[in-house]
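Here are some notes for a colleague who is opening this structure for the first time. They are best read with the model on screen.

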Protein chains: 2
Amino acid sequence: MLTLNWNGKMKFTAHTESNHEVVMDASPDVGGEDKAARPMEVLLAALAGCTAMDVVSILDKMKTPPKNFRIDIDYTKAREHPKIYTSIHLKYVFEGNVPKENAEKAVNLSQTKYCSASAMLRKSAEITYELVFED
Amino acid sequence: MLTLNWNGKMKFTAHTESNHEVVMDASPDVGGEDKAARPMEVLLAALAGCTAMDVVSILDKMKTPPKNFRIDIDYTKAREHPKIYTSIHLKYVFEGNVPKENAEKAVNLSQTKYCSASAMLRKSAEITYELVFED
């Protein structure tokens, strides 16, 4: 179970099953105080975290972990309510001599098999991705 | 744009467009250190925050804000990969004499029109909800 508590104005704190908190707030123009991320940003963060954990975990099993790793996400949203994400582009950026084929295999496995956030959001948004290798 | 940085092991920090952070970690049995919520919990938190902001905001416009408010979420997940949520049940709990019809209108508007997280996740999971009024 997850419980979300109201902290006044537009601030909310989710208490998750693993016993952690996720805080959200709105921008001042809609009554918030900008003290935490917006819910739709948190949704994107979940997608990024989900696929990132897959990729790091698979590369680790292949004995080719990256030295550093990040994901940059660009997105477009619908103009009318509900303002869903219509397209999401993930740029997986690897540093530190990760064999290209291993990185591709890890990302493809995550996107086609393991990442549940991606599997859910793909029903609404076009999810695309690319791999970038930096020294 | 959203950027997700790797903090070692299974810990990741998302930096959102509004300039806030969302931290995620995995459980020790899959190589994490349990320092923050799991990505799929963060996805649910986003759903809860999204619809909660709608509801509080709509009730505020109706001049009938709740004294207190929370959302409890129960869910079931697929057993096979990708382990998506197959059903999500939201219990909207209102305290403080909110007129029932206003609360119902606010929740229905959020679920059918405004909440983009709900609109996206509903394509994969059956989303149901109920309203509870506490003194």
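**Notes on the predicted model**

1. Begin at Tyr85(A), which sits in strand β5 of chain A, a strand covering residues 85-95. The model is a predicted one, and all values below are computed from it. With a relative accessible area of 1%, Tyr85(A) is under the 20% limit and therefore counts as buried.

2. What does Tyr85(A) touch, once its neighbours within four places in sequence are left aside? Within chain A the contacts are Met40(A), Glu41(A), Leu43(A), Leu44(A), Tyr75(A), Thr76(A), Lys77(A), Ser124(A) and Ala125(A). Met120(B), from the other chain, is also in contact with Tyr85(A). The side chain of Tyr85(A) comes to 2.7 Å from the backbone oxygen of Met40(A). By contrast, the C-alpha atoms of Tyr85(A) and Leu109(A) are 23 Å apart, with their positions 24 residues apart along the chain.

3. Leu43(A), one of the contacts of Tyr85(A), also matters for describing the symmetry. A turn of 180° with a shift of 0.0 Å along the axis lays chain A on chain B, at an RMSD of 0.0 Å. That relation is the one given by a two-fold axis. In chain A, Leu43(A) has the C-alpha nearest this axis, at 2.6 Å. Both copies use the same surface, since 100% of the contact residues of chain A recur in chain B.

4. For the overall layout, chain A has 3 helices and 6 strands. Read from the N terminus, the order of elements is β-β-β-α-β-β-α-α-β. The C-alpha atoms of chain A fill a box of roughly 50 × 35 × 30 Å along the principal axes. Chain A has 135 residues, and 52% of them count as buried. Taking contacts in chain A between residues at least 6 apart in sequence, 47% join residues at least 24 apart.

5. The domain assignment divides chain A into domain 1 (1-36) and domain 2 (39-134). The C-alpha centres of these two domains of chain A are 25 Å apart.

6. Ser27(A) lies in the loop of chain A between β3 (21-24) and α1 (39-61). Is Ser27(A) buried or exposed? Its relative accessible area is 17%, so Ser27(A) is buried under the 20% limit. The side chains of Ser27(A) and Asp29(A) make a polar contact at 2.3 Å. Not counting residues up to four places away in sequence, Ser27(A) touches Gly32(A) and Arg38(A).

7. Gln111(A) belongs to helix α2 of chain A, residues 100-114. Gln111(A) is buried, at 4% relative accessible area. Apart from neighbours within four places in sequence, its contacts are Thr51(A), Leu90(A), Tyr92(A), Ser118(A), Arg122(A), Ile127(A) and Tyr129(A).

8. The largest nonpolar core holds 90 residues, and Phe69(A) and Phe69(B) touch the most other members. Beyond its neighbours within four places in sequence, Phe69(A) contacts Ala52(A), Val55(A), Val56(A), Tyr92(A), Val93(A) and Phe94(A) in chain A. From chain B, Leu4(B), Asn5(B), Trp6(B) and Phe12(B) are in contact with Phe69(A). Tyr92(A) is thus a contact of Phe69(A) and also of Gln111(A).

9. On the cysteines, a search of the whole structure finds 0 disulfides over all chains. Cys115(A) counts as buried at 1% relative accessibility, and Cys50(B) is buried with a relative accessible area of 7%.

Key:
Residues numbered from 1 in each chain as written. Chains lettered and ligands numbered in written order. Predicted model: local features only at pLDDT ≥ 70, side-chain atom pairs only at ≥ 80, totals over all residues. Heavy atoms only, no water. Least-squares fit on C-alpha atoms with pLDDT ≥ 70 in both. Contact = heavy atoms within 4.5 Å. Disulfide = S-S within 2.5 Å. Buried < 20%, exposed > 50% of the residue type's maximum accessible area, 1.4 Å probe, protein only. Helix = DSSP H or I, 4+ residues; strand = E, 2+ residues; numbered from the N terminus. Polar contact = N/O pair within 3.5 Å; in protein donor to acceptor, adjacent residues only side chain to side chain. Domains from an automatic or database assignment. Core = buried A, V, L, I, M, F, W, Y, C linked by side-chain atoms within 4.5 Å.
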